[in-house]
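Grab a coffee and have a look at the chain below. Try each exercise yourself before you read the solution under it.

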Amino acid sequence: MSLDFHPKKTEVFCFCDGENEIWYWNINSATCTRVTKGASAQVRFQPRLGRFLAAASDKGVSIFYVESDTQIYTLQGHPEPVSYICWDGNGDALASVSPNLVKVWSLTSGGEWIHEFSSTGSQLHSCVFHPSYSTLLVIGGSSSLELWKMTDNKSLAVSAHENVISALAQSTVTGMVASASYDNYVKLWK
């Protein structure tokens, strides 16, 4: 369903499957090092440090301490299944997306909910923190990008694709955001 490489331990990656399991693999030995319950939609290692793993399953997100495989936070509050998660560049905040709601959580405040964006129209599918503006979250919808300034709770919709925006990525080097859509196009935004 989803996979991610550890940012520091280059030999480690993990993935989640449809059985709500998280599989950790060692690339060098080509072996599974452990399997744990907790994700059926998406997994993402904390950027830079990799101390935490965010795992989306059903209507919530679990945060695991990677070394001990201990669940330290359960982030709940979505009325529908969470389909997408992303970390901010520092690994201090996490955004979670369900069809009509985006929540941003602070890991420096014990997994506390700090911002919320509700869709008034199209369903939401993906998100990424802007690489140059830390208070701006880019949200992929049915055909548009929502540029949400979290501190002011203001958003701007930008027509972007002809179909669902299924994935977003960002580059801190170029300051660009990339969007991928079911319309078979990938677009770059500056």
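Four exercises follow, each with a worked solution.

A quick word on ground rules: this is a predicted model, in which local features need pLDDT of at least 70, side-chain atom pairs count only at pLDDT 80 or more, and totals for chains, interfaces and linings use all residues. Residues are numbered from 1 along each chain as its sequence is written, and side-chain values use heavy atoms, with hydrogens and water left out.

**Exercise 1. Describe the overall build of the chain.**

Step 1: start with secondary structure. The chain has zero helices and 19 strands (DSSP runs numbered from the N terminus: H or I of at least four residues for helices, E of at least two for strands).

Step 2: check the compactness. The radius of gyration, taken over C-alpha atoms, is 16 Å, close to the 16 Å from the globule rule for 190 residues, so the chain is as compact as a globular protein of that length. That rule is 2.2 Å times the number of residues to the power 0.38.

Step 3: look at the outline and the inside. Along the principal axes, the C-alpha atoms fill a box of roughly 45 × 30 × 30 Å. Of the 190 residues, 45% count as buried (under 20% relative accessible area with a 1.4 Å probe, protein chains only; exposed is over 50%, and partly exposed is in between).

Step 4: see how the sequence folds back on itself. Among contacts (heavy atoms within 4.5 Å) between residues at least 6 apart in sequence, 34% join residues at least 24 apart.

**Exercise 2. Find the largest nonpolar core and work out which strands feed it.**

Step 1: know what to look for. A nonpolar core is a set of buried Ala, Val, Leu, Ile, Met, Phe, Trp, Tyr and Cys residues joined through side-chain atoms within 4.5 Å.

Step 2: pick out the hubs. The largest core has 15 residues, and Val102, Val104, Cys127, Phe129, Leu137, Ile139 and Trp148 touch the most other members.

Step 3: map the core onto strands. Two or more residues come from each of strand 9 (84-87), strand 10 (93-98), strand 11 (101-106), strand 13 (126-129) and strand 14 (136-140). Strand 10 gives the largest share, three residues.

Step 4: zoom in on one hub. Leaving out residues up to four places away in sequence, Val102 touches ten listed partners, including Phe117, Leu124, Leu137, Ile139 and Trp148.**Exercise 3. Trace how Arg34 and Asp69 come together.**

Step 1: place Arg34. Arg34 sits in strand 4 (residues 31-37) and is partly exposed, at 24% relative accessible area.

Step 2: place Asp69. Asp69 is in the loop between strand 7 (60-65) and strand 8 (70-76), and at 22% relative accessibility it counts as partly exposed.

Step 3: link the two. They are 35 residues apart along the chain, yet their C-alpha atoms are separated by 9.2 Å. Beyond its neighbours within four places in sequence, Arg34 is in contact with Ile22, Trp23, Tyr24, Val66, Glu67 and Asp69.

Step 4: check the backbone. Most residues other than glycine have a negative phi. Asp69, not a glycine, has a positive phi of about 55°. Ala30 also has a positive phi of about 55°; Ala30 lies in the loop between strand 3 (21-26) and strand 4 and counts as exposed at 57% relative accessibility.

**Exercise 4. Is Tyr185 buried or exposed, and what does Tyr185 touch?**

Step 1: locate Tyr185 in the loop between strand 18 (177-181) and strand 19 (186-189).

Step 2: read the accessibility. At 53%, Tyr185 counts as exposed.

Step 3: list the contacts. Not counting residues up to four places away in sequence, Tyr185 touches His161, Ser179 and Ala180. Tyr185 and His161 are 24 residues apart in sequence and 7.8 Å apart in space, C-alpha to C-alpha.
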